[in-house]
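Grab a coffee and open the viewer. Here are some exercises to work through with the structure on screen, each with a worked solution.

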Amino acid sequence: MDFDSAASTDSTQAPAPIAWHRGFAALGAPFYAALAPAPLPQPYWVARDFGVAGLLGLPGQWLHTPEALQALGGNTLIAGSEPLASVYGGHQFGVWAGQLGDGRALLLGETATGQEIQLKGSGRTPWSRGADGRAVLRSSIREYLASGALHGLGIPTTRALAIVGSPLPVARETMETAAVVTRVAPSFIRFGHFEFFAWRGQTDALRQLADYVIRRYYPACRDDARFGGSPYAALLHAVSERTARLIAQWQAAGFMHGVMNTDNMSILGLTIDYGPFQFMDGFEPGRICNHSDRFGRYAYDQQPRVGHWNLACLAQALLPLIGSAETAQAAIASYPEAFNTAYLDAMRARLGLVQPHEGDEACLAALLQLLAEQRVDYPIFWRRLAHAAADGRFAPVRDLFLQGSGFDAWFLSFKELLAHTGRAQSADLMLKTNPRFVLRNHLAEEAIRAAKLGDFHGVQALQHVLARPFDEHPGHEAWADFPPDWASSLVLSCSS
Ligand code: AMP
Ligand code: MG
């Protein structure tokens, strides 16, 4: 079916499965270009998330229909949608990159339930900058699984409704095939949207965008008396706090985003744009997961600092609205403290400590140093520690350390702290905060290899397990095990 016939509203059409709300689209020019997705030949389902369908108010049945496959592949339009590609800018690897924008993503619209739906990989847009507008199956599976995995861990993230694959060849380092991921979030607005209009000196557009974001997502900022009563400074502060909490959760989970450019920073503090991300295997604070990141700007231990740097870019962009550099600076000044508080809270929970106690920070610091010195497997350490708190058998934890004496010294201080909470309560908390399953690189890779051969069971089973990563999931023990040797030779770049 071609785009035009699908878009027309003739009486033979089935009722629209989605009730829309005109949100971002109502902003009009100069924020976006309206355009249709490019057709995707021979689309097929790779995966679907019926939980995400519920967020959209979609009848679950719809995802089983041929109409859904055509719509989410980009071949037809869901009745009432107004697809558009938005324009934004951004700092990439610390350098202003000028105009970027949705080069391969299309916003289909916002549902009446307040969720925006976006196709990623649906063809060229005015902001494609000579690239093909496509995404490959490999990176689409990674994005899909990661969105589900972070959500399962309780970390704010964009969600993924489905992956539609196609035999369409796409050239990357090797020839691959195309896929379209349908992403869902209350908003896909990035820091870079603000930076773009500030850069262009379009203060009216900048204000229109900020007012929209405040009205829709941060209404409390309108009446915030702090920061000189500027709602824009209050917005900056609120984004700063959310970003601090997000990155604290990444650090606690051992998650590395890989490309924390300002165009990949969500104004809602969501994890967005999954590319060469990685979950930590053996603990290595300076770990660089993105092969294209030659100087380690986005290494694991740099992420908190980069978050603050990115907020300074947002502050700069909002300056024409805030009016005072001092006020803008004050609005993001609490970032380090907000980060530390959130990070310590998360790590205390991982340690089974219900409340702060004197010595807990030192105990955590000593532990992280030990884990780093011996490159102990991060997820397995935490899960074994949780089980040890539950059954009192700490030998499996000690076995993870080549030099047990270092662990023994740490363990004494830990046991003292644990006594404040009580083992049963600690164990309970730890089993809910230390997942048995994380989306390690090699697990995604195995699922991708099978999918490339037409077998999507791995993607679907992994999605299912990662949605409830704290459960035991009998039969999937191997996914909770150490990474195989070949995992360390996996190379992830920005190519997607
Ligand atoms: P990313 O590094 O994936 O966040 O992308 C940075 C910018 O490049 C964004 O503006 C993307 O829309 C754009 N981009 C990345 N890959 C493609 C592609 N294959 N076709 C068009 N635009 C792309
Ligand atoms: Mg991006």
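**Exercise 1.** Which residue stands opposite His 91 in E6?

Solution. Before you start clicking, keep in mind that this is a predicted model.
- Step one: find the two strands. E5 covers residues 89-92 and E6 covers residues 95-99, and they pair in the antiparallel sense over three bridges.
- Step two: look across from His 91, and you land on Trp 96.
- Step three: check the turn. The hairpin of E5 and E6 has two residues between the strands, and Phe 93 there takes a positive phi near 50°.

**Exercise 2.** Work out how strand E10 is paired on both counts, with E3 and with E11.

Solution.
- Step one: take E3 (residues 44-48). This strand pairs with E10 (residues 159-171) in the antiparallel sense, over four bridges. For a landmark, use Ala 47, whose bridge partner in E10 is Ile 163.
- Step two: go to E11 (residues 175-185). Its pairing with E10 is antiparallel too, over nine bridges. Here the landmark is Val 164, which sits opposite Val 180 in E11.
- Step three: look at the connection. E10 and E11 make a hairpin, with three residues between them.
- A tip for reading the side chains: in a regular strand they alternate between the two faces of the sheet.

**Exercise 3.** Decide whether Thr 182 is buried or exposed, and list what it touches.

Solution.
- Step one: place the residue. Thr 182 lies in strand E11.
- Step two: apply the cut-off. Buried means under 20% relative accessible area. Thr 182 comes out at 0%, so it counts as buried.
- Step three: collect the contacts. Leaving out neighbours within four places in sequence, Thr 182 is in contact with Leu 72, Ile 117, Gln 118, Leu 119, Arg 159, Ala 160, Leu 161 and Ala 162.
- Step four: try a distance. Ser 140 is 42 residues away along the chain, and the C-alpha atoms of Thr 182 and Ser 140 are separated by 9.5 Å.

**Exercise 4.** Describe how the protein holds ligand 1: which residues come nearest, and which polar atoms face it?

Solution.
- Step one: pick out the nearest residues. There are 17 residues around ligand 1, and Gly 101, Gly 103, Arg 129, Asp 132 and Gly 133 come nearest.
- Step two: go through the side chains. A polar side-chain atom of Arg 129 is 2.9 Å from an oxygen atom of the ligand. The side chain of Asp 132 has an N or O atom 2.9 Å from a nitrogen atom of ligand 1.
- Step three: add the backbone. An N or O atom in the backbone of Arg 134 lies 3.2 Å from a nitrogen atom of the ligand.
- Step four: see how much is covered. On its own, ligand 1 has 480 Å² of accessible area, and the protein covers 82% of it.

**Exercise 5.** Find the donors of the magnesium ion, then link them to His 257.

Solution.
- Step one: the magnesium ion is ligand 2, and it is coordinated by Asn 264 (OD1) and Asp 273 (OD) at 2.0 to 2.1 Å. Both of these residues are buried.
- Step two: locate His 257. You'll find it in the loop between strand E12 (255-256) and strand E13 (278-279).
- Step three: check its burial. The relative accessible area of His 257 is 2%, so it is buried.
- Step four: make the link. His 257 touches both Asn 264 and Asp 273, and its other contacts include Trp 250, Phe 277 and Gln 303. The side chain of His 257 also reaches the backbone oxygen of Asp 273 at 3.3 Å.

**Exercise 6.** Hunt down some unusual backbone geometry at Pro 30, Phe 227 and Arg 375.

Solution.
- Step one: recall the usual picture. Most residues other than glycine have a negative phi, and most peptide bonds are trans.
- Step two: look at the bond joining Ala 29 and Pro 30. This peptide bond is cis, with omega about 5°. Pro 30 is in the loop between strand E1 (20-21) and strand E2 (32-34).
- Step three: turn to Phe 227, which has a positive phi of about 55°. Its loop runs between helix H6 (203-217) and helix H7 (231-253). With 17% relative accessibility, Phe 227 counts as buried.
- Step four: finish with Arg 375, whose phi is positive as well, near 40°. Arg 375 is in the loop between helix H11 (360-373) and helix H12 (378-391).

Notes: Residues are numbered from 1 along each chain as its sequence is written. Chains are lettered from A and ligands numbered from 1 in the order in which they are written. This is a predicted model: local features need pLDDT of at least 70, side-chain atom pairs count only at pLDDT 80 or more; totals for chains, interfaces and linings use all residues. Side-chain values use heavy atoms; hydrogens and water are left out. Donors are N, O and S atoms within 2.8 Å of the metal (3.2 Å for Na, K and Ca); water is not among the atoms, so sites may look incomplete. Buried means under 20% relative accessible area, exposed over 50%, partly exposed in between (1.4 Å probe, protein chains only). Two strands pair if DSSP finds at least two bridges between them. A residue is near a molecule or strand if one of its heavy atoms lies within 4 Å of it. A polar contact is a pair of N or O atoms within 3.5 Å; within protein, one must be able to donate a hydrogen and the other to accept it, and residues adjacent in sequence count only if both atoms are side-chain atoms. Accessible areas come from the Shrake-Rupley method with a 1.4 Å probe; for residues, only the protein chains shown count as cover. Contact means heavy atoms within 4.5 Å.
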